[in-house]
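The following exercises practise reading a protein fold from its helices, its contacts and its interior. Please study the sequence and the structure before attempting them.

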Amino acid sequence: MTDAMDDTLQAVRTAFARLARENPDLTDIDHKIMRAFEQLMLGRPEITDGRTSAVNIAAEAGVSRASYYRSPVAAVVKGILGSPEIRRPESDELRRDIARVKQSERELRREKADEIRELRATVTAYANQIQVLALRNAELESDARLMQAQLAEEGSEVVRQLPRTRTRS
């Protein structure tokens, strides 16, 4: 067990000892809830997936959620879990890390999709420009052939203006 977990377990036991001093009439259900919470904080669940939730604490203790919420232990547990210096079990930290990674993955997928849409729009614009330039190039090649034909017919270097049947853009 790490020093952080030792400190956490010590804080949990201290809080429960304070609760027992302030409430000498704790029931067996209360003691079961305290043991179940310690098991979860140690990362040794017997029944549940190990998350430190009210449902899992009640399941590990073998009591109903209503009994858990009626117990004075529930308020202490809530205070312990809300404390920033208390270290959660590794499974809870891993779940939190997984949630962060999934969120990051969603953001990356969204950014990638946005980038792909932008790139497709750029490709479409370039394809349209290429088509326009190819048509203009074909027109110029046709004009060049006509001028070469004129030069070959006339036998001189005089070129007449080509008739414009096409519209220029």
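The exercises below concern this predicted model, and each is followed by a worked solution.

**Exercise 1. The overall make-up**

Determine how many helices and strands the protein chain has, and state what share of its residues is buried.

*Solution.*
Step 1. The protein chain holds six helices and zero strands.
Step 2. Read from the N terminus, the order of elements is therefore α-α-α-α-α-α.
Step 3. Of the 169 residues in the protein chain, 25% are buried.
Step 4. Taking contacts between residues at least 6 apart in sequence, 55% join residues at least 24 apart.

**Exercise 2. The largest nonpolar core**

Identify which residues touch the most other members of the largest nonpolar core, and which elements give two or more residues to this core.

*Solution.*
Step 1. The largest nonpolar core has 23 residues, and Phe16, Phe37, Tyr68 and Ile80 touch the most other members.
Step 2. Two or more residues come from each of helix H1 (3–22), helix H2 (28–42), helix H3 (54–61) and helix H5 (72–82).
Step 3. The most is given by H2, which supplies six residues.
Step 4. Phe37 serves as an example: leaving out residues up to four places away in sequence, Phe37 touches Val12, Phe16, Ile57, Val77, Ile80 and Leu81.
Step 5. As general background, nonpolar side chains tend to be buried together in soluble globular proteins.

**Exercise 3. The packing of H2 against H5**

Decide whether H2 and H5 are roughly parallel or roughly antiparallel to each other, and describe their contact by class of residue.

*Solution.*
Step 1. The axes of H2 and H5 come within 9 Å, and they cross at roughly 20°.
Step 2. Angles under 35 degrees count as roughly parallel, and H2 and H5 are therefore roughly parallel to each other.
Step 3. H2 passes H5 in a right-handed crossing.
Step 4. On the side of H2, the contact is made by Asp30, Ile33, Met34, Phe37 and Met41. On the side of H5, Pro72, Val73, Val77, Ile80 and Leu81 take part.
Step 5. Sorted by class, this contact of H2 with H5 has nine nonpolar residues, no polar residues and one charged residue.

**Exercise 4. The packing of H2 against H3**

Find the angle at which the axes of H2 and H3 cross, and list the residues that meet there.

*Solution.*
Step 1. The axes of H2 and H3 come within 8 Å and cross at roughly 115°.
Step 2. The crossing of H2 and H3 is right-handed.
Step 3. From H2, the residues involved are Lys32, Ile33, Ala36, Phe37, Gln39 and Leu40. They meet Asn56, Ile57, Glu60 and Ala61 in H3.
Step 4. The residues of this contact between H2 and H3 divide into six nonpolar, two polar and two charged.

**Exercise 5. The surroundings of H3**

Explain why H3 counts as largely enclosed by the rest of the structure, and name elements that cover its buried residues.

*Solution.*
Step 1. The buried residues in H3 are Ala54, Asn56, Ile57, Ala58, Glu60 and Ala61.
Step 2. Six of the eight residues of H3 are buried, so H3 is largely enclosed by the rest of the structure.
Step 3. The cover over the buried residues of H3 includes H2, H4 and H5.
Step 4. After H3 comes Gly62, whose phi is positive, near 75°.

**Exercise 6. Three residues in their places**

For Val63, Ser71 and Ala74, state where each is found and whether each is buried or exposed.

*Solution.*
Step 1. Val63 is found in the loop between H3 and H4. A residue counts as buried under 20% relative accessible area, and Val63, at 15% relative accessibility, is therefore buried. Beyond its neighbours within four places in sequence, Val63 is in contact with Ile29, Ile33, Ala58 and Tyr68. Val63 and Lys32 are 31 residues apart along the chain, and their C-alpha atoms are separated by 8.3 Å.
Step 2. Ser71 lies in the loop between helix H4 (65–70) and H5. Its relative accessibility of 6% means that Ser71 counts as buried. Residues up to four places away aside, Ser71 touches Asp30 and Ile33.
Step 3. Ala74 belongs to helix H5. With a relative accessible area of 9%, Ala74 is buried. Not counting residues up to four places away in sequence, Ala74 touches Tyr68 and Tyr69. From C-alpha to C-alpha, Ala74 and Ala54 are 8.2 Å apart in space, while 20 residues apart in sequence.

Terms used
Residues numbered from 1 in each chain as written. Predicted model: local features only at pLDDT ≥ 70, side-chain atom pairs only at ≥ 80, totals over all residues. Heavy atoms only, no water. Core = buried A, V, L, I, M, F, W, Y, C linked by side-chain atoms within 4.5 Å. Buried < 20%, exposed > 50% of the residue type's maximum accessible area, 1.4 Å probe, protein only. Helix = DSSP H or I, 4+ residues; strand = E, 2+ residues; numbered from the N terminus. Contact = heavy atoms within 4.5 Å. Axes fitted to C-alpha atoms, helices over the stretch in contact; angles between N-to-C directions. Parallel < 35°, antiparallel > 145°, perpendicular 65-115°, else oblique. Left-handed = near helix turned anticlockwise from the far one by under 90°. Nonpolar A, V, L, I, M, F, W, Y, C, P; charged D, E, K, R; others polar.
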